[in-house]
Each structure stands twice: as C-alpha cells, then as structure tokens.
Amino acid sequence: MARDFLYSALLHAGVIALTFLASPFDIKGRDSYDDVIHVSLYEAPPPAAAPVPTVAAPQPTTPATPPPVEEEEPDIPVGEPETQDETVIEEEEQPPVEEPLPAPQQIVVQQPDQAVTSSSAGSDDQAPIHSTVTGDGAVFAGATIDNASFDYPYWFTQAFNKILRNWRNPVSADGVIVCAIYFQVIKSGRVIEAHVKTSSGLRTFDEACLLAVQRSEPFPPLPRQFADEIIGITLPFKYEPGR
Amino acid sequence: MKRIPLFLAFSLLHLSFPCVAQEVGVREVLFDTLRTGDVQPTPIGVEQMVYVGSEYITARDSTLMDYATRVVQNDLDFYADFELIVVDTFFMQLYEIAELDLFGWQRLGADYVVRLETEIPGSVMRVRWKLRDANTKSQFAGGTVDRPKEEWRQLGHEIANEIVTTLTGDPGIFLTKLVYVRRIGKAKELFLSDYDGANERQLTNNGSLNLSPAFTPDGDDVYFCSYLEGDPQLFKVSLKSFRTTKVAGFPGLAAAPAVSPDGNKIACVLSKDGDSEIYVLDLQGNVIKRLTRHRAIDTSPTWSPDSRMIAFSSDRSGAPQIYTMDADGLNVRRLTYQTGYNDSPIWSQRGDRITFVSRTKGGRFDLASIDTSGVGYRLLTELGHNENPHFSPDGKHIVFSSTRLGPQEIFTMDVTGRNQRRLTRYDGCSNPVWGPLPR
C-alpha cells in the first residue's frame, strides 16, 4: 500500500514538473487560442490627472462649459511618437490600416493637456468639437469636425450619446485603446460614409466602433440654420481599463 | 495491472488543466452590454403653453391648452431617451429661482426647454413649438402644428413626435396604436387604444374568446384568433371599417398569428396534422409551407425585422425554451438555456434582442431579454407575473401585461426595464401588441 502511494506521488511530481518546466505536453498549442490576442504592453498608461468620470452623459446640474482647449500646440510634434508617455500596442501580425498615414504605434493615450490631439489630427483643417461628451476624460475626448462653422453643441451631445448607446465594447485590456472613426452625415441625418480612420491595431475593436456609428443611423437631422449639406466628423473611441 | 490505467488517468487529469496564460494584454469579451445602460436620459423641460393671439380666448380654450401641454410633457417623459424635469416649487425656492427663464431651467437641471406658443383662429389650434438649449441659451429648432381644437391630443403627440425626431433622428411613436385583449364578463374582446392607453375603443363584440392579436405592417388590419365557431380559428378586423372577417378555418386549432414585416406572409400555429406545428400562410389563409416537424408543441412564432428568421417556443427539450430558425424552417437552433421555462418570444424591431417570458424564483413569470446570438440574458421585471411582451415600432419600449398590482393590466417600460408605467385600469387585460408607425 505504501509503495502504491510512493509510486503515485512520484508520478504526480514528475507530471507536474513536466507541465511547468518543459511544457512538452502543451496539448492545445498556442495558436489554437482563437479568442485570445497576444499583445504585450511595454509601458503602463500614465495616470490621469483628474478622476475620470464613469458616465459620459451630460450632467444636468452643471453648466455645460467644456474647458477651453488650447488651439495652438506647436510643441507637440504630430506623428512623432513620444517615447515617454506612450502606450505602444504591438501585434504579431499588423492588421491592415485604412490610411497609411499613422502607424498603429502612434495611437496614443489621450493626454490631459492635449485633448484634441490625435495622431491623425492636424493633417487637414479640422476643428475641435465643444460638447459635454467630448470634454476631458469623456469617451469621445478629442473629436474633431471638418466644418468649423457647425456650432451646435446639442447635436453633438445627442449624436454621440446615441453612438454610446449602440457601442458594445468587445475587448477587455490592461491599457488604453483608441480607434478613430471618420463619418459623414447629410442634412437628413443619414450617414453616407463611415470608415476607420486610425486603427487601434485590434480588428474586433475597430469593427465594434464602426458598427456603433452605423447602428446609430439616422442621426438627428442637421439644423435648418446650417447652410452646408454635409459634415464630416472624426470620432476617437477610447477604451480605458476599469471603466 | 489495474493500477497502471489508474495512474495514467490521474496523469491525464493533470494534463487537462489549462496552462497558465502568459503575457495576455487584451482579451475579447462576449458583450459589454452594461455600457449600453451608461447613457442617462437627457433632461428636458416643457413650459406651459402660452397664448400669443390678439383675441380673447374662452376658459375652455385655456383648458385645452393645459391638456395639450400635458400630452407633450407625458410623451417626452415616456420616451426612453428623455427625462422630464418637473417644475417643483420646493426646488424653485431652494435654488432661489424667481423666474422660470432659461437660467432657471438650467438651475433645475434641464438641458433643453420646449416653449409652446399658440393661436386659436376659429376652430383650429395652431401651436408654434421652439426647442431651446438651456446651456447655450439659444433656440436651435422649431416648427408649427395645426389641428382642429377637438384633436388636442393628437396635436400634443405630433409636437412630441417632431421634438423627438429633431433630437434623436428617430421617428416618434406617439401617434401609434395598441391592441389588447380585455375580459368582458366571460368573453374576451379586442380593444384599440392610443399608445398611452387613451381613446380606448372596442374592436370585437362577439361574446367569445378573442386572443393573440397581430398588426399588419401597414397598420390597417389586425389578425387574431377567435373561438367564435368552436375551435380557435383565424380572423381579422379592419381598423378602417371595424369589420371582422374570417381568414382561415382548419381542423383543430389555428392560433398565434404573426404577420411578417414585409407584409406577405403569416406565421401561425395549426394542429391539423396532429400536434401543434408552425406553418406559413399567405394573407388569404392558404398554407404555403409547414416549418416545424416535431412531436413536441411548437408555438408563439415571431419574425425577425428582415423577415428572414423566425423565433418560436417549443418544449422539445422537455420544457418550453426559445428556438430560432430560418424562414423556410431550416437551421433550428436553441437560444435559451437559462431557467427551466422560457416562452412567448418577441423579436425586437432593431433586430438585436429577443424578449420573452421566463419563469424565475418562486414560480413567477418575468420578462427577460437575450441577444440574438444567445448571450446577454437579462431580467427586466421583478414584481408579479409579467407576460405577453411586445416591442414598440422603434424598438425602444416594451408593452406587456402584469399582475404586480393584483389585477392583470397593461404596462409599458423601456427596453432596459426602466420607466415602468401602467396604462389600463381594468382587470383581465392581456396580449397587448404595439401597432406600426402611422404612414
């Protein structure tokens, strides 16, 4: 009987040692994890200066005066990654990026002092959107619009809240992920164009963001007072862990 | 000799444990459905309607103005995306609001304020509505609605519809209709009402049991099942002429009709071949195809918004559960595994969720919803028996029957389960269905 226990203990110890040290019996194999994407985060995201509100909806009791955004930002070289404050997401295989301009490594965490800066902003004349859902710490912080004369905060609040209701976040990550969607809306509120402008490097996340915009159609019709027929919006979707 | 297989079995048991995941920074999750509930309703205020005409008005006109204002307020309060700010003298004093201007509304928490100005030339009520932003103090939308004075209720609904469309882009549902079953003595008759329970009108009066109403997509007819001739058979009633006609008669029962969203077919339960199975009929009541073939009971068909799929309930697993299949009867797939009893499915107009009746703790019936992929089961009610769910045409609200207050009455709520309110004041109300948007 005692010998049986000895044999059993020896065999168990051997199997455990094999499992953890040599891993020769990795039955599933790494490549068979279809639902896991292997990425490594080189650096933790910088801590936010202010506590991040959990609800991006407008607060009724506080006046909607988003903090003034600095228009001129000559000190920040757009397109050049800053090595200190960045979270770089790398993958074994880079997914195709819609626009060749920014590489996925250049998608950066939204800095508290550069709310309107995204890696793609600045390439054309885009104006920042002032709304309660695009202020600092909000999910859509840093959204920009092609036409600076479109100044209807209510429209952005309603449209972005609608997108937020339709956004089903498909990933859970340890770091910040940002994907920018560009879409165009015509007078009636219909979307005539929507594509991923800056990929997050994660295809499922990009697709979910694009789907959120497409599912939100129709948007509120553009105000009658607005002369143009079309507006184009660049909307960064920001995922932060723990939100 | 017996020990060796035993040792091998133990060894394999160890090996079957998953290896420790390493350096995984991003994981896919099935559905972050809670995020959809993150967005709070937009606070909105509605000012009392003011008269801007030059002539004197009667006391009755003044009352109608109050009524119409209340309709707009109720509509916007009902709508899932908005929350009505109630003017409360307590808060007015607390916040030291002397005058209810845009600053005052902002202090009360409103984002937008509706101003209603009316003129009453002759028998017509003309209302100009203005939508103003309390934060920027600017007017950004407006319009005019004309209606005869006696249609003050429709006038209010029309204004609320335009406000909803301006702010959300979605069509307003305030001019839609409900049809439901109400017990009258021993009979059960169909009744028609506005979406908020007003303007009730009896549709059938045959002293029999009339059940399972189903609107056609154009809103002109309501198909239903009646015991008028003994066995339950299919009938329809026109909402224009209010005339009832028989659609089809089969041996055994013909029940639970559901008209497809494209308006060409009726899915319905027939027992002419033995047990109850789901068939597809044309609008004249001729069988096009039999969809289910199973010894179990298959019932409660409901169409997907694109008319390509049908969800139904079946007890083929031993207890009623929700299944989906293609519109031709293929690809049957079980959708629900939660609790031992799930019945009466209804497919959301938005296409993403299916709501159904689920038996929960203590044998109560509650409404639950699940994603069409089979994940995201969520309970929506928690008091009394709640049954017969049906979606509003914009997919944002659900009408259902509940016994939470004792008698069985009709209630509505948002798809998230919030904002539950009672519509009827009679016992024995059931089977509510929500009509389509008026053309």
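What percentage of the 243 residues of chain A count as buried? The answer is 37%, and the points below take you through the rest of what I noticed. Please keep in mind that this is a predicted model.

1. Chain A at a glance. Chain A has 3 helices and 9 strands. If you walk along the sequence, these elements come in the order α-β-β-β-β-β-α-β-β-β-α-β. Looking at contacts in chain A between residues at least 6 apart in sequence, you will find that 74% join residues at least 24 apart.

2. Val191 of chain A. A good place to stop in chain A is Val191(A), which belongs to strand β8 (residues 191-198). Is Val191(A) buried or partly exposed? Because it has 15 C-beta neighbours inside 10 Å, Val191(A) counts as partly exposed. Setting aside neighbours within four places in sequence, Val191(A) is in contact with Phe183(A), Gln184(A), Val185(A), Val213(A), Gln214(A) and Glu217(A).

3. A cis peptide bond. One of those contacts of Val191(A), Glu217(A), leads to a feature worth a look. Glu217(A) and Pro218(A) are joined by a cis peptide bond, with omega about 0°. Most peptide bonds are trans. Pro218(A) sits in the loop between α3 (203-215) and β9 (230-239) of chain A. Its C-alpha atom is 7.1 Å from that of Val191(A), although the two positions lie 27 residues apart along the chain when counted as a separation in sequence.

4. Chain B at a glance. In chain B you will meet 5 helices and 31 strands. The C-alpha trace of chain B spans about 105 × 70 × 40 Å along its principal axes. Of the 439 residues of chain B, 41% count as buried. Among contacts in chain B between residues at least 6 apart in sequence, 41% join residues at least 24 apart.

5. Two domains in chain B. Chain B is divided into domain 1 (42-168) and domain 2 (177-434). Taken over C-alpha atoms, the centres of these two domains are 36 Å apart. The contact between them involves 4 residues of domain 1 and 6 residues of domain 2. On the domain 1 side, the touching residues divide into 2 nonpolar, 1 polar and 1 charged.

6. A helix pair in chain B. How do α2(B) and α5(B) pack? Helix α2 (residues 59-78) and helix α5 (residues 152-168) of chain B meet at an angle of about 40°, and their axes are 8 Å apart. That angle makes α2(B) oblique to α5(B). Their crossing is right-handed. Residues making the contact include Leu64(B), Tyr67(B) and Val71(B) of α2(B), together with Trp152(B), Leu155(B) and Ile159(B) of α5(B). Sorted by class, this contact has 11 nonpolar, 2 polar and 2 charged residues.

7. Two positive phi values in chain B. Most residues other than glycine have a negative phi. Lys137(B) has a positive phi, near 60°, and is found in the loop between β6 (124-133) and β7 (138-148). Lys137(B) is partly exposed, because 13 other C-beta atoms lie within 10 Å. Thr339(B) also has a positive phi, about 55°, and belongs to the loop between β22 (333-334) and β23 (342-347). With 16 C-beta neighbours inside 10 Å, Thr339(B) counts as partly exposed too.

Conventions. Residues are numbered from 1 along each chain as its sequence is written. Chains are lettered from A and ligands numbered from 1 in the order in which they are written. This is a predicted model: local features need pLDDT of at least 70, side-chain atom pairs count only at pLDDT 80 or more; totals for chains, interfaces and linings use all residues. Axes are lines fitted to C-alpha atoms, for helices over the stretch in contact, and angles run from 0 to 180 degrees between N-to-C directions. Helices (H or I, at least four residues) and strands (E, at least two) are DSSP runs, numbered from the N terminus. Angles under 35 degrees count as roughly parallel, over 145 as roughly antiparallel, 65 to 115 as roughly perpendicular and the rest as oblique. A crossing is left-handed if the near helix is turned anticlockwise from the far one by less than a right angle, and right-handed if clockwise. Two residues are in contact if their C-beta atoms, placed from the backbone, lie within 7 Å. Ala, Val, Leu, Ile, Met, Phe, Trp, Tyr, Cys and Pro count as nonpolar, Asp, Glu, Lys and Arg as charged, and the others, Gly among them, as polar. Domain bounds come from an automatic or database domain assignment. A residue is buried if 20 or more other C-beta atoms lie within 10 Å of its own, exposed if 12 or fewer, and partly exposed in between; C-beta atoms are placed from the backbone.
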